[in-house]
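User: Please take me through one single part of this structure up close. Start with the surface as a whole, then settle on the part you pick and stay with it.

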Amino acid sequence: MSQTAAGPPQGRFAQIRENFRMTRQVDPLIGWIMLAWFIGVAAVISVVIGLLLNWPTGILIGIPFGIVAAMWIFSRRGMRAAYRQIEGQPGAAAAVAKSMRGGWFVAPGVAVTKAQDVAHRVVGRPGVILLSEGPPSRVGTLLANERRKTARFVTDIPIYEIQVGDQTGQVPLTKLTRHLMKLPKALRPGEVTEVRRRLEALTTSPAPIPKGPMPKNVRMPKGPRG
């Protein structure tokens, strides 16, 4: 029983170490930045509480606040590092969508062109979302064709077309999660599963998704809950 209880914390600590290692490859100063936040926040809280109450109490309260601050900055910069690692890779948009929590089903690479433009299909409570990677001058046709094929299987279901990229009219990869979370919900959880099953017939050989880019212990940026 003791081994079972010790397993999850060890797994979480191992994941945090892996996330820290990955983040440091892109952000070499992450350790010093976390230390600075820890010392700064802990010192401020300790001084304020120490002056109001007493110094031992101030220190006891300040240290946990410092740890929380250090982990918060690690989460923010870790997420930024993760995006930087996969940005520009084929399948990056699908990787971000797959990292989202709560009933999102992702079919990567449902359509790929000779120019390596790619479309992914995401099914969630908003309906069906088609994500593209590639220049706007080419992916418009790619998304339109995929929309026509999808509409034959799911009538009366909202279908969204989202171009992922940094050009005008596209959604940047770093803002994709928030953009998806803001879409209005049109389906119940059971309906999401049914739509996914109906669309499985459209899935062919998927395009590759970058392996292991999104840290599993760092929270994705979240949009408002609907």
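Analyst: The protein chain exposes about 13,100 Å², and carbon and sulfur atoms supply 59% of that (Shrake-Rupley areas with a 1.4 Å probe; for residues, only the protein chains shown count as cover). This is a predicted model, so local features need pLDDT of at least 70 and side-chain atom pairs count only at pLDDT 80 or more, while totals for chains, interfaces and linings use all residues. Residues are numbered from 1 along each chain as its sequence is written, and side-chain values use heavy atoms, with hydrogens and water left out.

Of the 226 residues of the protein chain, 40% count as buried (under 20% relative accessible area; over 50% is exposed, and in between is partly exposed, with a 1.4 Å probe and protein chains only). The chain holds seven helices and four strands (DSSP runs numbered from the N terminus: helices are H or I with at least four residues, strands are E with at least two). Reading from the N terminus, the order is α-α-α-α-β-β-β-α-β-α-α. Contacts in the protein chain (heavy atoms within 4.5 Å) lean towards long range: among those between residues at least 6 apart in sequence, 66% join residues at least 24 apart.

The part I'd zoom in on is the sheet. It is open, has four strands in the order β1-β2-β3-β4, and its pairing is mixed (two strands pair if DSSP finds at least two bridges between them). The edges belong to β1 (105-112) and β4, each with a single partner strand, so one side of each has no neighbour in the sheet. From one strand to the next the twist averages 25° (axes are lines fitted to C-alpha atoms, for helices over the stretch in contact, and angles between N-to-C directions run from 0 to 180 degrees).

As a reminder, strands of a sheet pair through backbone hydrogen bonds, either parallel or antiparallel. Here you get both kinds. Strand β2 (residues 118-124) and strand β3 (residues 127-133) run antiparallel and are joined by seven bridges; they make a hairpin with two residues between them. If you want a pair to click on, V123 has V128 of β3 as its bridge partner. On to the next pairing: β3 and β4 run parallel, with six bridges joining them, and L131 stands opposite I162 in β4. How buried is β3? Seven of its seven residues are buried, so β3 is largely enclosed by the rest of the structure.

Two helices belong in this picture. Helix α5 (residues 136-151) packs on the sheet and touches β1, β2, β3 and β4, its direction making about 155° with that of β4. Helix α7 (residues 189-199) lies across β1, β2 and β3, running at about 145° to β2.

Now for a residue on the β4 edge. Q163 sits in strand β4 (residues 159-164), and with a relative accessible area of 18% it counts as buried. Leaving out residues up to four places away in sequence, Q163 touches S132, P136, V139, G140, L143, Q170 and V171. With one of these, Q170, there is a side-chain to side-chain polar contact at 3.4 Å (N or O atoms within 3.5 Å; within protein, one must be able to donate a hydrogen and the other to accept it, and residues adjacent in sequence count only if both atoms are side-chain atoms).

What about charges around here? Side chains of opposite charge can pair when their charged atoms come close. The whole structure has eight salt bridges (a side-chain nitrogen of Lys or Arg within 4 Å of a carboxyl oxygen of Asp or Glu). One of them sits on α5, the sheet-packing helix: the side chains of E146 and K149 meet at 3.2 Å, N to O. Both residues lie in helix α5, three residues apart, about one turn of the helix. E146 is buried at 2% relative accessible area, whereas K149 is partly exposed at 31%.

Another pairs E191 with R188, their closest N and O atoms being 3.2 Å apart. E191 is partly exposed, with a relative accessible area of 29%, and R188 counts as exposed at 56%.
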